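Please load the model in the viewer and display the backbone as a cartoon. The tour below proceeds by selection, one element after another.

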Amino acid sequence: MTPHFYNPLTNYLLHSQSVQNIDELLKIAHHILDEYNLTTIKVVTENDEFTITKPTITFDKIQLFNADNMEVMKQYPDKYFDIAIVDPEYGININNNIGRRKGCKHSGHKKVKWDSKPPEQIYFDELKRVSKNQIIWGANYMIDKIKKPSMGWIFWDKKNGDSDFSDGE
């Protein structure tokens, strides 16, 4: 396979090189991202076209991305990661309820819409494709999207006492 690496803003060809596998392609892509100080790069092969995103933060072998998860996951082959730890939107409209109790006046906080629905099924399918194991915070809100039920759950006891917030997840 001979991928061609382009600057996604200018569509300028930066590099072409024959590679044997996806790991080699990713290594070259990340080298080009560093060399040209880019955050994304467009890769075109004989059969596909996709974007590779540079991790926002890297600690040893841990990479954190501030990007669209669906775009980042497309970059990686099946079971590439040992574990994925994610905290997707729960779809419980928390912004409409946060900090309020029945009968209390509005807190004055600006409303934003960030938790109106859980991710689509394709998100969970892609997450399971790229990772061998998953920790999904708030999975109890989207159990219908997890096709293979887990035999092990992590429970977070929030010790909320008398508050209106959830006692655990």
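**From the helix to the sheet**

Begin at asparagine 37, which follows α1 and has a positive phi, near 55 degrees. The model is a predicted one, and the angle should be read accordingly.

Next, select residues 22–35, the 14 residues of α1. From its first C-alpha to its last, this helix reaches 20 Å, close to the 20 Å expected at 1.5 Å a residue.

Move to the N-terminal end of α1 and show the side chain of asparagine 21, which caps the helix there. A side-chain oxygen of asparagine 21 lies 3.1 Å from the backbone nitrogen of aspartate 23.

Now colour the buried residues of α1: Leu25, Leu26, Ile28, Ala29, His30, Ile32 and Leu33. Against which strands do the buried residues of α1 pack? They pack against β1 (4–6), β2 (13–16), β3 (40–44) and β4 (49–53).

Select these four strands together; they form an open sheet in the order β2-β1-β3-β4, with antiparallel pairing. At the edges are β2 and β4, each of which pairs on one side only. On average, neighbouring strands of the sheet are turned by 25 degrees against each other, direction ignored.

Within the sheet, isolate β1 and β3, which run antiparallel and are joined by three bridges. Label tyrosine 6 and, opposite this residue, lysine 42 in β3.

Finally, restore α1 to the view: the helix packs on the sheet and touches β1, β2, β3 and β4. The direction of α1 makes about 60 degrees with that of β4.

Methods:
Residues are numbered from 1 along each chain as its sequence is written. This is a predicted model: local features need pLDDT of at least 70, side-chain atom pairs count only at pLDDT 80 or more; totals for chains, interfaces and linings use all residues. Side-chain values use heavy atoms; hydrogens and water are left out. Helices (H or I, at least four residues) and strands (E, at least two) are DSSP runs, numbered from the N terminus. The expected span of a helix is 1.5 Å times one less than its number of residues. Buried means under 20% relative accessible area, exposed over 50%, partly exposed in between (1.4 Å probe, protein chains only). Contact means heavy atoms within 4.5 Å. A polar contact is a pair of N or O atoms within 3.5 Å; within protein, one must be able to donate a hydrogen and the other to accept it, and residues adjacent in sequence count only if both atoms are side-chain atoms. Two strands pair if DSSP finds at least two bridges between them. Axes are lines fitted to C-alpha atoms, for helices over the stretch in contact, and angles run from 0 to 180 degrees between N-to-C directions.
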